[in-house]
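Trainee: Please take a close look at one part of this model, and then show me how the rest of the assembly is put together around it.

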Amino acid sequence: MNTAQAGGGSRSSRFKWLVPTLYIVFLMIPIYWLINMSLKTNTEIVTGFSLWPNNLTFDNYKVIFGDPTWYNGYINSIIYVVMNTVIAVAVALPAAYAFSRYRFLGDKHMFFWLLTNRMAPPAVFALPFFQLYSAFGLIDTHIAVALAHCLFNVPLAVWILEGFMSGVPREIDETAYIDGYSFPKFFGKIFMPLIASGIGVAAFFCFMFSWVELLIARTLTVTEAKPIAAIMTRTISATGVDWGVQAAAGALTIIPGALVIYFVRNYIAKGFALGRV
Amino acid sequence: MNNKPFDNKAWFFVLPVFILVAISAVIPLMTVVNYSVQDSFGNNQFFWAGTEWFTEVLNSDRFRDSLVRNLTFSAIILCIEIPLGIAVALAMPRKGIWVSVCLVLMALPLLIPWNVVGTIWLIFGRADIGLLGFTLAKMGIVFNYGQSWLQAWIIIILMDVWHWTSLVVLLCYSGLVAIPEAYYQAARIDGASRWKVFRYIQLPKMQRVLLIAILLRFMDSFMIYTEPFVLTGGGPGNTTTFLSIDLVKTAIGQFDLGPAAAMSLIYFLIVLLLSWVFYTVMTNYGMDAPEKREVES
Amino acid sequence: MAQITLDQLAHSYLPNPQNDADYALKRIDYVWEDGGAYALLGPSGCGKTTLLNIISGLLTPSGGHVKFDEHNVTHLSPEQRNIAQVFQFPVIYDTMTVAENLAFPLLNRGIERSEVDKRVGEMLETLDLTAKARRRAHGLSADEKQKISLGRGLVRYDVNAILFDEPLTVIDPHMKWQLRTKLKELHEQFSHTMIYVTHDQTEALTFADKVVVMYEGEVVQIGTPEELFDEPAHTFVGYFIGSPGMNILPGGVDGSTVNVAGKQINVGKRYPKTGTNIEIGIRPEFVKLTESAASGEVGMPMTVHSVEDIGRYKIVRGDVGGHELGAVINESDSVPANPVAVFDPARINVYEDSHLVRGQI
């Protein structure tokens with residue numbers, strides 16, 4: 001239906017736009033302050049107080065891009081986040097299909113047990129994870145972090161995908177079999193495109209929770225796979241805190257997230273709405 | 001709706017997930033259980049300790065205090081974030097370019113690593129270099145969250161609201177845009193007030209996403225570690241030491257594996273129990289069965 | 001209850017409509033009589049929902065006026081117009097009980113509790129929902145939900161009109177008939193003005209006293225079901241109404257003689273001198289298939305392509321002189337080996353530029 005005066009209570013107020021606007025301003029000010037500081041010299045940060053940089057400088061960013069321990073942190077983070085996203089979605093796809101299409105022994109218990117893992121505090125698992133991955137000699141590798149993050153991302157991916165798959169009528173599966181499609185061919189050629197947005201949403205949330213998590217990532221890494229977020233603590237040195245570089249490093253961690261959001265912006269809102277409880 | 005065929009072969013599809021999660025969850029959990037019932041005097045020598053650690057943890061003021069702090073914190077942020085999130089979602093535009101702009105900007109804090117969130121607020125709140133601290137200082141308010149427990153709580157809550165309200169907004173918004181236009185039209189014809197439209201149409205239709213929002217926000221706020229750790233380190237004193245911070249201090253700081261393990265298990269059980277309570281209460285209060293999705297023409 | 005007048009009504013969803021094609025609704029002038037049962041019939045996207053929303057006040061037209069009796073209501077909101085509307089998908093308030101749903105519009109209007117209870121009780125009786133009054137509306141079936149949405153309109157005794165927007169879309173087939181009967185019954189009981197939008201001709205023809213057929217934003221014909229069947233004003237109406245639709249063949253007319261498929265048929269009516277774009281319309285029901293034409297009849301040899309048996313009758317499809325033609329024969333009859341199609345001269349309609357041309361007797 002395409003009515004001109006659409007929307008719930010659009011008559012209610014002409015100033016409705018103020019609420020989201022104020023909220024966004026509230027969100028943006030601290031981020032602006034971080035970027036503002038990253039573009040100042042340390043002297044300017046400590047001695048003067050200004051709402052924008054008086055001596056615009058990119059030196060803080062040059063420090064990060066000139067030092068491999070810094071920029072490797074980004075590469076490490078992105079490597080394990082992508083690995084985690086791929087693994088989580090890949091194993092969640094068949095499982096979600098099973099949950100959405102079949103009943104089987106212990107299905108409900110299994111689904112609930114999976115979800116309980118989303119409720120496991122990372123602090124509880126940090127130490128046992130360290131011991132487990134030590135035993136396999138996996139400490140300080142990307143795959144260790146990627147696998148550890150599966151603990152909470154796989155249940156989430158199964159949950160979201162199951163919701164999307166249940167929205168696809170089962171008749172489509174049956175028609176495909178009648179048309180002589182084998183299961184892998186049906187899944188890849190027909191089913192996956194139908195739930196493409198679901199896969200996008202699941203991947204987005206896996207990316208998000210793996211990218212922002214620090215406790216486990218830091219526990220499982222020493223130097224080789226250390227995430228950028230953990231390296232930031234380095235800026236506290238004998239001479240005090242290097243605020244400028246820390247702000248620049250922080251500002252750079254926002255970029256990958258911002259890019260991902262931009263690409264999935266049309267799906268974010270649908271993500272959880274279609275997931276079933 | 002429950003006409004799915006019964007087929008145990010479906011287990012093969014679930015097997016990869018089962019193995020992966022079992023390795024990631026069950027083995028570490030067994031380790032925790034193992035520690036929780038043993039005592040160690042170093043040199044990897046362990047002795048059966050029975051339920052000693054559990055009794056000790058449950059009777060310790062330190063654990064109870066952390067638990068109370070954490071429950072208070074979760075309650076406060078739920079009371080702020082859920083209504084605020086609903087209000088922002090209600091006021092958001094429904095179509096046009098501004099929808100994307102709002103969604104992208106609002107989702108931004110959700111994708112910032114948690115320690116960077118802590119750092120942002122650490123800087124922002126400082127009286128010497130931070131906008132918030134500086135402004136308050138100019139107004140004659142002494143703002144030092146390193147000294148005052150109240151101010152420490154205020155800034156942590158502010159940070160959490162800043163960080164997570166958007167999740168509630170996005171969820172509620174997705175629930176709102178799914179309401180067919182005819183509901184609003186019918187309400188106008190029935191002469192319903194703005195409040196009644198919210199109470200009898202929007203709120204019931206958002207119930208499912210609100211349940212998800214409350215569950216996620218409760219679980220995550222109850223497990224919060226990194227942001228307050230970076231911002232206050234649990235201080236001043238122990239006033240912002242939440243369960244996770246306490247646990248990591250015990251386990252890694254003091255290496256008291258037995259009590260830490262017992263505490264972990266109790267902690268995990270509390271999260272499970274409270275999540276279950278939320279889930280049961282909310283699903284029983286409103287409509288029970290998940291709704292058949294309605295199609296709009 | 002009121003008489004509804006549409007005065008030079010037009011609507012476009014675009015801010016600055018340039019030409020005819022930009023209008024979802026082209027100029028309409030019409031008066032809906034008080035207490036009448038009308039159906040708005042047309043294919044999807046023909047503008048019927050737009051027209052309905054303009055009457056209910058959910059849309060403000062870009063041009064023209066809507067009048068209820070003598071009052072201009074063009075710029076009034078739906079609640080000020082005091083109308084009721086039933087939508088395609090049942091709209092109910094999930095968290096309320098059935099009785100609360102029915103009381104909702106009354107309580108919103110500040111009617112006293114005792115009066116509300118009395119009316120809700122009556123309405124539950126009328127709709128056969130008394131047993132379920134205390135049930136939560138959420139769990140009911142689609143047809144019961146649709147009855148509740150209708151009931152929310154009927155409890156307000158004074159509604160000016162009740163509008164229906166394809167209300168049977170999501171109702172199970174066996175319940176459709178029941179609900180339609182109930183609607184008819186309620187119309188007789190309360191004699192509200194009812195406007196019923198549908199794309200289903202059976203629904204329209206059984207429900208309404210008068211059917212308004214719309215096509216591409218225009219009203220092409222308003223008439224009783226019989227008029228629509230006998231004398232479609234537009235080839236679209238002929239084609240759209242009836243199953244199968246009317247046969248439309250290119251042809252010509254000269255005085256009282258119609259030329260079609262190379263034959264001349266005397267129709268007994270005189271037609272004024274007409275233009276070049278002439279078509280002949282004949283309903284399949286009035287095409288007779290015989291072995292050979294009797295004296296006085298004009299027979300056209302027909303090539304048969306297919307015969308569909310649909311129970312009480314058969315549809316024969318084929319062509320005469322290269323033009324497609326359908327005919328309806330009795331179930332017991334069989335198609336002759338070399339059939340000849342004979343048109344009933346009295347039932348032949350003549351169209352110029354798709355519009356009906358009337359002959360004089």
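Mentor: The part I would choose lies in chain C, where the domain assignment, whose bounds come from an automatic or database source, gives domain 1 (4-230) and domain 2 (247-357). The C-alpha centres of these two domains of chain C lie 39 Å apart. The model is predicted, so that local features need pLDDT of at least 70 and side-chain atom pairs count only at pLDDT 80 or more, while totals for chains, interfaces and linings use all residues. Residues are numbered from 1 along each chain as its sequence is written, with chains lettered from A and ligands numbered from 1 in the order in which they are written.

The close look is at strand S15 of chain C, residues 287-290 (strands are DSSP E runs of at least two residues and helices H or I runs of at least four, numbered from the N terminus). On one face of S15(C) the side chains of C:Val287 and C:Leu289 are buried, whereas C:Lys288 and C:Thr290 point to the other face and are not; buried requires 20 or more other C-beta atoms within 10 Å of a residue's own, exposed 12 or fewer, and partly exposed lies in between, with C-beta atoms placed from the backbone. In a regular strand, side chains alternate between the two faces of the sheet. The partner of S15(C) is strand S20 of chain C, residues 340-343, which runs antiparallel to S15(C) and is joined to it by four bridges (pairing needs at least two DSSP bridges). Within this pair, C:Ala341 of S20(C) stands opposite C:Leu289.

Chain A is likewise divided by the domain assignment, into domain 1 (12-57) and domain 2 (67-274), and here the C-alpha centres lie 31 Å apart. Nine residues of domain 1 of chain A are in contact with eight of domain 2 of chain A, contact being C-beta atoms, placed from the backbone, within 7 Å. On the domain 1 side, H1 and H2 of chain A are the elements that give two or more residues, and H1(A) gives the most, with five.

Between chains A and B, 85 residues of chain A are in contact with 84 residues of chain B. The helices of chain A that each supply at least two residues to this side include H1 (18-38), H4 (68-101), H7 (142-166) and H13 (243-274), and H13(A) gives the most, with 17 residues. Chain B itself has 12 helices and two strands, in the order α-β-β-α-α-α-α-α-α-α-α-α-α-α from the N terminus. Of the 297 residues in chain B, 46% are buried.

In the largest nonpolar core (buried Ala, Val, Leu, Ile, Met, Phe, Trp, Tyr and Cys joined through C-beta atoms within 7 Å), there are 166 residues, of which A:Ala92, A:Ala157, A:Val158, A:Leu161, A:Ala202 and B:Cys172 touch the most other members. H7(A) supplies the largest share of this core, 17 residues, and at least three residues come from each of domain 1 and domain 2 of chain A. Leaving aside residues up to four places away in sequence, A:Ala202 touches A:Val89, A:Ala92, A:Ala157, A:Ile160 and A:Leu161. Apart from this core lies another, of 82 residues, among them B:Ala187, C:Tyr93, C:Val197 and C:Val219.

Notes
Contact = placed C-beta atoms within 7 Å.
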